[in-house]
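Reader: I would be grateful for a close look at a single part of this structure. Please describe how one pair of helices packs together.

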Amino acid sequence: MRYVIIGAGAVGGVIGGRLAGSGHEVVLVARGAHFEALRDHGLRLRVPEGELTHRLPVVEGPAALGELRPDDVLVLAVKTQDSVAALQTWGPAPVTGGGTAAERLPLFCAQNGVEGQRIALRLFRRVYGVCVWLPSTYVEPGVVSAAGSPLTGILHLGRHPHGIDETARLVAADLEKSHFEAPVVADVARWQYAKLLSNLGNALEAVTGPVSDEDALALFRRVRAEGAAVLDAAGIAYASTEEQQAVRGDKVTLVPLDGAPRGGGSSWQSLTRGTGTIEADYLNGEIALLGRLHGVPTPLNELLQHLADTFARERRAAGSMPVAELMRLADGAVVNTR
């Protein structure tokens with residue numbers, strides 16, 4: 001199989017680099033300065049064993065590849081807000097022997113949240129969910145890092161909306177030869193919703209900085225509890241904290257990397273890079289949506305969604321709002337829902 005990594009940033013670049021390092025054929029898809037750096041200098045992957053350079057084919061779109069191969073596996077690793085554009089670009093791409101990528105090829109959605117695979121299923125027949133537990137960083141154009149050891153990450157995967165098949169097993173086997181654990185599960189959404197609850201803190205981190213002092217941790221617990229109440233009201237199953245900890249154990253322990261400090265998660269990185277967009281609409285916004293559908297107030301998640309969107313749109317500095325100010329806003333938001 002050949003892996004086509006659509007969005008070779010922090011997550012996609014690390015997955016692609018690790019697959020290439022274990023001998024698998026990989027094509028990276030990128031744009032702008034990142035595309036140019038990958039094309040000219042290769043993918044530089046900083047991991048605990050050092051900096052690895054992989055000279056891989058890199059393209060901006062499917063036209064550069066000609067017809068796709070029947071054994072291609074597409075890995076969608078763009079942020080959810082960029083999914084529609086990517087899917088509309090790659091879905092119509094022709095495949096050798098007839099048909100299009102959307103009709104014939106498997107698409108694995110290696111993204112935060114749960115909406116990307118629902119968007120994909122409108123266009124692609126064979127969609128797989130991936131619960132991404134992969135601490136990684138886009139360092140600079142052409143350079144990504146992953147500080148996890150002894151494993152780089154844990155990637156639960158399965159068919160969307162449910163089920164397993166031989167393709168999932170084959171991809172999992174390749175990932176498990178590439179510094180990942182990759183459980184194949186029939187209920188991948190259950191793991192993704194559990195991860196979603198953790199990702200509700202991404203906007204908090206992006207707005208105020210590391211969630212480390214007691215006030216920030218207390219606020220995160222309130223935000224997560226609000227999310228859990230919404231999932232419970234909606235009848236949506238999610239893996240428990242204890243179950244997640246049992247699977248993860250100490251398999252992905254972060255170690256210091258030279259030249260690749262880990263400043264924060266994906267939303268923090270979006271603000272730091274000044275991309276102008278952030279995925280809060282599909283994290284905290286998912287909870288807000290479900291809350292409205294099922295009659296559960298979600299003032300804290302709505303507040304974080306609004307603040308994260310504002311910071312991204314106005315290109316404010318990551319972590320620039322004092323926790324005390326956010327706490328005041330949060331208390332006001334809760335009062336206004338009573």
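Author: The following account concerns one helix pair and its contact. This is a predicted model, in which local features need pLDDT of at least 70 and side-chain atom pairs count only at pLDDT 80 or more, while totals for chains, interfaces and linings use all residues. Residues are numbered from 1 along each chain as its sequence is written, and side-chain values use heavy atoms, with hydrogens and water left out.

Two packed helices are described by the angle between their axes and the distance between the axes. Helix H7 covers residues 188-199 and helix H9 covers residues 214-234; helices are DSSP runs of H or I with at least four residues, numbered from the N terminus. The two pack at an angle of about 150°, and their axes are 9 Å apart. Axes here are lines fitted to C-alpha atoms over the stretch in contact, and angles run from 0 to 180 degrees between N-to-C directions. H7 and H9 are therefore roughly antiparallel to each other, a term for angles over 145 degrees. H7 passes H9 in a right-handed crossing, meaning that the near helix is turned clockwise from the far one by less than a right angle.

On the H7 side, the contact is made by Tyr193, Leu197 and Ser198. These residues meet Phe220, Arg224, Gly227, Ala228 and Leu231 of H9, where contact means heavy atoms within 4.5 Å. The residues of this contact comprise five nonpolar, two polar and one charged. In this division Ala, Val, Leu, Ile, Met, Phe, Trp, Tyr, Cys and Pro count as nonpolar, Asp, Glu, Lys and Arg as charged, and the others, Gly among them, as polar.

Notes:
Parallel < 35°, antiparallel > 145°, perpendicular 65-115°, else oblique.
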